[in-house]
Amino acid sequence: QAPDDLLPGLIQQHDAQIDAQFMQTMTLILQQIMAEGRQAAAQRVAEIQNQIVEQSTFGQQLMAQAQAQEETIQLVADDLNALGEQAGRAEVLGLALSYAGDEQRLQALVGLVRPLMDYQFFQDLTAAIDKASTDDRARFEATREALLAFTAMVDQQAQAAVAEAVGLLQEILASPDPDAVIEENVPYLDNTFMQVLTANIQEATRRNDLNASSRLKDVY
């Protein structure tokens with residue numbers, strides 16, 4: 001509720017209280033406001049959250065961690081590029097096993113090649129574990145557990161993003177002033193939203209629902 005000119009002083013005054021629990025609580029509040037369709041309020045909370053991250057000690061730590069994650073992602077991306085354009089499931093499996101014990105690289109790998117980590121991938125991984133030496137087996141089993149956890153997390157995040165995009169699209173369609181809703185939600189009009197919108201256009205066209213198709217194309 002503080003005005004902008006008092007916010008830096010409040011952040012400094014309460015720096016010791018700004019921790020992981022504080023940031024998680026703020027994120028939950030932001031998600032709740034977005035779920036209620038209060039986009040202007042959500043944007044304001046997001047702006048304040050960004051200031052807190054930039055100006056607090058804990059926020060600086062988060063930014064440093066994010067920088068380290070970006071560097072790890074780039075290293076993993078370089079390793080994937082080195083495999084060549086024809087690299088498939090087997091090559092990714094070999095790379096994953098080479099990262100055994102390095103959860104940061106394993107998480108980055110999942111984020112970059114999640115579609116390749118399907119049922120067959122984990123079957124192949126289990127087969128590799130069965131053939132591994134006694135010294136490697138425990139490491140490879142831990143790798144499988146980490147990959148399962150990271151793929152589940154990526155899938156959950158993707159589902160949440162799609163649900164938010166669907167909700168925003170419904171709000172735009174239901175509004176008497178869709179242009180205003182679009183303008184208020186520009187930061188949320190990302191690739192996921194456009195994919196949801198495109199899928200809805202294709203489905204309306206398939207059903208030969210000319211009214212829905214026309215409205216969706218107007219939104220597009």
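Is the crossing of H4 and H6 right-handed or left-handed? The crossing is right-handed, and it makes a good way into this model, which is a predicted one.

## Where H4 meets H6

Let us start with the geometry. Two packed helices are described by the angle between their axes and the distance between the axes. For H4 and H6, the axes come within 9 Å and cross at roughly 65 degrees. On the H4 side, the contact is made by Thr72, Ile73, Leu75, Val76, Ala77, Asp79 and Leu80. H6 answers with Gln104, Arg105, Ala108, Leu109, Leu112 and Val113. Sorted by class, the contact of H4 with H6 holds nine nonpolar, two polar and two charged residues.

Thr72 is worth a closer look. This residue of helix H4 has a relative accessibility of 11% and therefore counts as buried, the cut-off being under 20%. Leaving aside residues up to four places away in sequence, Thr72 touches Gln104, Arg105 and Ala108, and these three also appear among the H6 residues of the helix contact.

## H5 and its neighbours

Which residues of helix H5 are buried? In this helix, which spans residues 89-98, they are Val92, Leu93, Leu95, Ala96 and Leu97. Their packing partners are helix H4 (57-83), helix H6 (103-113), helix H7 (119-131) and helix H8 (134-174). The two helices of the opening crossing, H4 and H6, are thus both among the partners of H5's buried residues.

## H8, H10 and H11

H8 also meets helix H11, which covers residues 210-219. The axes of H8 and H11 come within 11 Å and cross at roughly 105 degrees, so the two helices are roughly perpendicular to each other. In this contact, Leu169, Ile172, Leu173 and Ala174 of H8 meet Arg215, Leu216 and Val219 of H11. By class, the residues of the contact of H8 with H11 divide into six nonpolar, no polar and one charged.

Val196 belongs to helix H10 (residues 191-206). With a relative accessible area of 11%, Val196 is buried. Not counting residues up to four places away in sequence, Val196 touches Val162, Ala165, Val166 and Leu169. Of these, Leu169 also takes part in the contact of H8 with H11. Val196 and Val162 are 34 residues apart in sequence, while their C-alpha atoms are 7.1 Å apart in space.

## Salt bridges

How many salt bridges does a search of the whole structure find? The search finds nine. Side chains of opposite charge can pair when their charged atoms come close.

One of the bridges joins the side chains of Asp4 and Arg44, with an N to O distance of 2.8 Å. Asp4 lies in the segment before helix H1 (7-13) and Arg44 in helix H3 (residues 39-55), so this pair ties together parts that are 40 residues apart in sequence. Asp4 is partly exposed, at a relative accessible area of 46%, and Arg44 is partly exposed too, at 29%.

A second bridge stays within one helix. Arg139 and Asp136 both lie in helix H8, three residues apart, or about one turn of the helix. An α-helix has 3.6 residues a turn, so residues three or four places apart point the same way. The side chains of Arg139 and Asp136 meet at 3.0 Å, N to O. Arg139 counts as partly exposed at 38% relative accessibility, and Asp136 is partly exposed with a relative accessible area of 27%.

## Around the end of H10

Glu203 and Arg207 form another salt bridge, with 3.8 Å from N to O. Glu203 counts as partly exposed at 30%, and Arg207 is partly exposed at 45%. The pair belongs to a network of salt bridges that links Glu203, Arg206, Arg207 and Asp209.

Asn208 sits in the loop between H10 and H11. What is phi of Asn208 near? The angle is near 60 degrees, a positive value in a residue other than glycine. Asn208 counts as exposed, at 58% relative accessibility, whereas Val196 of H10 is buried.

Methods. Residues numbered from 1 in each chain as written. Predicted model: local features only at pLDDT ≥ 70, side-chain atom pairs only at ≥ 80, totals over all residues. Heavy atoms only, no water. Buried < 20%, exposed > 50% of the residue type's maximum accessible area, 1.4 Å probe, protein only. Helix = DSSP H or I, 4+ residues; strand = E, 2+ residues; numbered from the N terminus. Contact = heavy atoms within 4.5 Å. Salt bridge = Lys/Arg side-chain N within 4 Å of Asp/Glu carboxyl O. Axes fitted to C-alpha atoms, helices over the stretch in contact; angles between N-to-C directions. Left-handed = near helix turned anticlockwise from the far one by under 90°. Nonpolar A, V, L, I, M, F, W, Y, C, P; charged D, E, K, R; others polar. Parallel < 35°, antiparallel > 145°, perpendicular 65-115°, else oblique.
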